[in-house]
Amino acid sequence: MNILMLAPLKKENFEKIENTFPQYHFIYSTASDVTQDMIDDCDIIVGNPGNQVDFNRANIKAIFLNSAGSDAYIEEGKLHKNTILTNASGTYGNAIAEHTLGMILTLNKNIHQYVRHMKDGLWQPLQTGKELYKSTVLIVGLGDLGYEIAKRLKSFHCKVIGVKRNMCALPQYIDELYTIERLDDLLPLADFVILTLPQTPQTIHLMDKNRLMKMKKDAVLVNVGRGSAICTHDLIEVLKQDYLYGVALDVVEEEPLSIDHELWTFDNVIVTPHSSGGYAWESTREYFTDLVIRNIKHYINNEVLENEVDFQTGYRKCVVLKGDE
């Protein structure tokens, strides 16, 4: 069996996978450099092949994406009908949860302002701020990422409300759980609203002006899912009305954000360049490496693969939160 490795892992990660399966042949490239010959000569792809190649091929039995999002691969005709697609959900939980808390605390404690003061040698305590302690936090999108964020929020004694597509047993660290149909009722209750959504037709511009204005005037909005979940035009309009205490965005609708974009101009907006997850982080590389190993074993044993994508919804076919186990 030939396994094409495109994922941005490090040498030790590749060696761990190879050493687990010495009987197989591994081919190495990157998403941008992969050739059609490599595609046509492999059985499994580990990583995200680029659009310069045709991966609708009968020889490809499975593609293990290194991204949580799969919308670019579920379009009709992209894959052969017999190719199994899996995503990397769960891989980014630790890294993005830390980044989320970092952005929230930066806004709450005026760290971004103090960093600017340091450049001018300015000793000036600010009289504004928010506490995360005992706040009500609404997490919209309660997959692995939302769950990892919730786990950390409980150390601040927060009340955590989760929103999912479908109801399930109440997971650990979640105080209340609702479906997306209740979103309009829940937004006015939250001190912090955290979006961890993938991109689907239902999530695009979920947070438009109407919903943004349903939030508390002094609430904080955080997006670490997909930028399309927030209508940028509406967000700017709301911010210009001095509505919302702050906004933290690791993702935006159009990436990279242009140098002259209005979002850069607001003192209460923090923008990071889609950097909260990614394979710079050891926790991300380790999780994905182990996921790949497990899925190759599943494939060999004719078992159901972890994180198999439902082509109708773009989500995983079966999601079990750690707190449900």
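Leu291 is buried, with a relative accessible area of 3%. Buried here means under 20% relative accessible area, exposed means over 50%, and partly exposed is in between, with a 1.4 Å probe and protein chains only. Leu291 sits in helix α9, which spans 282–300. Helices are DSSP runs of H or I with at least four residues, strands are runs of E with at least two, and both are numbered from the N terminus. Take Ile259 as a partner for scale. Leu291 and Ile259 are 32 residues apart in sequence. In space, their C-alpha atoms are 38 Å apart.

A word on the source. This is a predicted model, where local features need pLDDT of at least 70, side-chain atom pairs count only at pLDDT 80 or more, and totals for chains, interfaces and linings use all residues. Residues are numbered from 1 along each chain as its sequence is written, and side-chain values use heavy atoms, with hydrogens and water left out.

Now the strands. Start with β1, residues 2–5, and β2, residues 25–28. They run parallel, joined by four bridges. Two strands count as paired if DSSP finds at least two bridges between them. Met5 has Tyr28 as its bridge partner in β2. Between the two strands the chain passes through helix α1, residues 11–20, and this β-α-β crossover is right-handed. Right-handed means that, with the strands pointing away from the viewer, the path from the first strand over the helix to the second runs clockwise.

Next, strand β10, residues 220–223. What covers its two faces, buried or exposed residues? Buried ones: Val220 and Val222 on one side, Leu221 and Asn223 on the other. β10 has a parallel neighbour in β9, residues 192–195, through four bridges. There, Ile194 is matched with Val222. β10 also pairs with β11, residues 246–249, again parallel and over four bridges. In that pairing, Val222 stands opposite Ala248. So look at Val222 on your screens: its partners are Ile194 in one pairing and Ala248 in the other. Add helix α8, residues 232–240, and you have a right-handed β-α-β unit of β10, α8 and β11.

On to cavities. How many of 30 Å³ or more turn up in a search of the whole structure? One. A cavity is a set of points on a 1 Å grid over the protein atoms alone where a 1.4 Å probe fits but cannot get out, and lining residues have an atom within 4 Å of a point. Grid points are joined across faces, edges and corners, and the volume is the space filled by probe spheres set on the points. The largest cavity comes to about 50 Å³. Its lining includes Asn223, Gly227, Leu249 and Glu253. By type, the lining has six nonpolar residues, three polar and one charged. For that split, Ala, Val, Leu, Ile, Met, Phe, Trp, Tyr, Cys and Pro are nonpolar, Asp, Glu, Lys and Arg are charged, and the others, Gly among them, are polar.

Now the backbone oddities. Most residues other than glycine have a negative phi, and most peptide bonds are trans. Leu244 has a positive phi, near 85 degrees. Leu244 lies in the loop between α8 and β11, and is buried at 4% relative accessibility. Asn307 has a positive phi too, near 65 degrees. Asn307 is in the segment after α9, and is buried at 11%. Then there is a cis peptide bond, from Glu255 to Pro256, with omega near 0 degrees. Pro256 is in the loop between β11 and β12, the latter at 269–271.

Cysteines, quickly. How many disulfides are there? Zero, where a disulfide is a pair of cysteine sulfur atoms within 2.5 Å. Cys158 is buried, with a relative accessible area of 2%. Cys231 is buried as well, at 10%.

Last, two partly exposed residues. Tyr114 is in helix α4, residues 111–119, and is partly exposed at 30% relative accessibility. Tyr114 and Ser155 are 41 residues apart in sequence, and 25 Å apart from C-alpha to C-alpha. Pro198 lies in the loop between β9 and α7, the helix at 209–212. Pro198 is partly exposed, at 28%. Its C-alpha atom is separated by 21 Å from that of Tyr173, 25 residues away along the chain.

Terms used. On a 1 Å grid over the protein atoms alone, a cavity is a set of points where a 1.4 Å probe fits but cannot get out, and a pocket is an open set with protein on both sides within 12 Å along at least five of seven lines; lining residues have an atom within 4 Å of a point.
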